[in-house]
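Please walk through the model shown below, beginning with one pairing between strands and widening the view step by step.

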Amino acid sequence: MLAILKAHAMGEKISVKVIIGSTREGRFGDKPAAWIYNELRKEPSVDAELLDLREYPIAYYSAPESPAMHTGGYSDRVVQRWSDKIGEADAFIIVTPEYNHGYPAVLKSALDIIYKEWNNKPVGFVSYGSALGARSVEQLRQVAIELQMAPIHNAIHLPVEILHAHTASARGGAAFDTSMFDRLRTGPSGDRVAGFFSQLLWWARALKAAREADGT
Ligand SMILES: Cc1cc2nc3c(=O)[nH]c(=O)nc-3n(C[C@H](O)[C@H](O)[C@H](O)COP(=O)(O)O)c2cc1C
């Protein structure tokens, strides 16, 4: 165990996947996802990757067995690709909107379709909506626990003005200004992103060491 912790202290990279939780045409979700991904790439200890659910068109779950019972590979090629990506990760950032006070069905399908690949890994949330997506995040935290994940305390709930600027731009208004995200690092609450990353990476290192110690 000590040897493993030492290896992490010596700079082994932490793999963090940023998942875009919406797929609809004209979505806002890819903007905050690209922003948080670019911020994450500035972290020297992180190997970051952006995962777009549009590239993983996962069908509703229909297999006779629960994913929790599944062993081995997957006959569905999309699910196998998704399993490979999620399996190699040490931590996740899920970027989610709020659809009727919940999170998108496409995101639920992506979470439900596999199981062990999520286990014992932390997840943090970036959310948006009229109530800043807080209701989606609370629901996602419950799902994450059932997937044996560690949902972290800190979350980034985007100021609603940023979503409104996207909506106005989509309706022909001024072009969306990505510098609006800067306030998350420099606003009156301080650097929200630094605290978010620090907590996510603390759990990612701790759980990576624990998984390696028991060979999972
Ligand atoms: C089906 C649907 C339901 C929605 N329900 C809510 C809601 O309950 N609360 C809210 O704040 N916004 C709601 N919205 C507005 C979304 O927050 C807004 O459209 C946002 O851009 C959606 O994220 P996306 O663009 O990444 O898909 C809803 C939008 C859709 C399409």
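**From one strand pair to the whole chain**

Phe 92 stands opposite Val 123 in β4, and this pair of residues is a convenient place to enter what is a predicted model. The strands concerned are β3 and β4 (residues 122-127), which run parallel and are joined by five bridges. Further along, Val 95 is placed opposite Val 126 in β4. Between the two strands the chain passes from β3 through helix α4 (residues 105-112) to β4, in a β-α-β crossover that is right-handed.

Strand β3 has a second partner, for strand β1 (residues 14-20) pairs with β3 in the parallel sense, also over five bridges. In that pairing, Ile 20 stands opposite Val 95 in β3, the residue that on the β4 side is opposite Val 126.

How is β3 placed with respect to the rest of the structure? Six of the six residues of this strand (residues 91-96) are buried, so β3 is largely enclosed by the rest of the structure. The cover extends to both faces, since Ala 91, Ile 93 and Val 95 are buried on one side, and Phe 92, Ile 94 and Thr 96 are buried on the other.

Strand β4 can be read in a similar way, being mostly covered, with six of its six residues buried. Pro 122, Gly 124 and Val 126 point one way from β4, while Val 123, Phe 125 and Ser 127 point the other way, and all of them are buried. Besides its pairing with β3, β4 is joined by two bridges to strand β5 (residues 150-151), and these two strands run parallel. Here Val 123, which faces Phe 92 across the β3 pairing, stands opposite Pro 151 in β5. Two bridges also connect β4 with strand β6 (residues 156-157), again in the parallel sense, and in this case Val 126 stands opposite Ile 156 in β6.

With these strands in place, the ligand can be considered. Which residues come nearest to the ligand? Of the 14 residues around the ligand, the nearest are Ser 22, Gly 29, Pro 97, Gly 129 and Ser 130. The shell as a whole divides into five nonpolar, six polar and three charged residues.

Some loop positions deserve a separate look, and two of them concern backbone geometry. Most residues other than glycine have a negative phi. Leu 132, although not a glycine, has a positive phi of about 60 degrees; this residue is found in the loop between β4 and α5 (134-146). Because 18 C-beta neighbours lie inside 10 Å, Leu 132 counts as partly exposed. Gln 148 likewise is not a glycine and has a positive phi of about 60 degrees, and its place is in the loop between α5 and β5. With 13 C-beta neighbours inside 10 Å, Gln 148 also counts as partly exposed.

A third loop residue, Lys 13, is found between α1 (2-9) and β1. Is Lys 13 buried or partly exposed? Its C-beta neighbours inside 10 Å number 13, so Lys 13 counts as partly exposed. Leaving aside residues up to four places away in sequence, Lys 13 touches Ser 45, Val 46 and Asp 47. By contrast, Lys 13 and Lys 108 are 28 Å apart in space, C-alpha to C-alpha, and 95 residues apart in sequence.

Finally, the view can be widened to the protein chain, whose secondary structure comes to eight helices and six strands. Along the sequence these elements follow the pattern α-β-α-β-α-β-α-β-α-β-β-α-α-α. The radius of gyration of the protein chain is 17 Å, close to the 17 Å that the globule rule gives for 216 residues, so the chain is as compact as a globular protein of that length. The C-alpha trace spans about 55 × 45 × 25 Å along its principal axes. Buried residues account for 36% of the 216 residues in the chain, among them the six residues of β3 and the six of β4. Of the contacts with a separation of 6 or more, 81% are between residues 24 or more positions apart.

Definitions and conventions. Residues are numbered from 1 along each chain as its sequence is written. This is a predicted model: local features need pLDDT of at least 70, side-chain atom pairs count only at pLDDT 80 or more; totals for chains, interfaces and linings use all residues. A residue is near a molecule or strand if its C-beta atom, placed from the backbone, lies within 6 Å of it. Ala, Val, Leu, Ile, Met, Phe, Trp, Tyr, Cys and Pro count as nonpolar, Asp, Glu, Lys and Arg as charged, and the others, Gly among them, as polar. A residue is buried if 20 or more other C-beta atoms lie within 10 Å of its own, exposed if 12 or fewer, and partly exposed in between; C-beta atoms are placed from the backbone. Helices (H or I, at least four residues) and strands (E, at least two) are DSSP runs, numbered from the N terminus. Two strands pair if DSSP finds at least two bridges between them. A crossover is right-handed if, with the strands pointing away from the viewer, the path from the first strand over the helix to the second runs clockwise. The radius of gyration is taken over C-alpha atoms; the globule rule is 2.2 Å times the number of residues to the power 0.38. Two residues are in contact if their C-beta atoms, placed from the backbone, lie within 7 Å.
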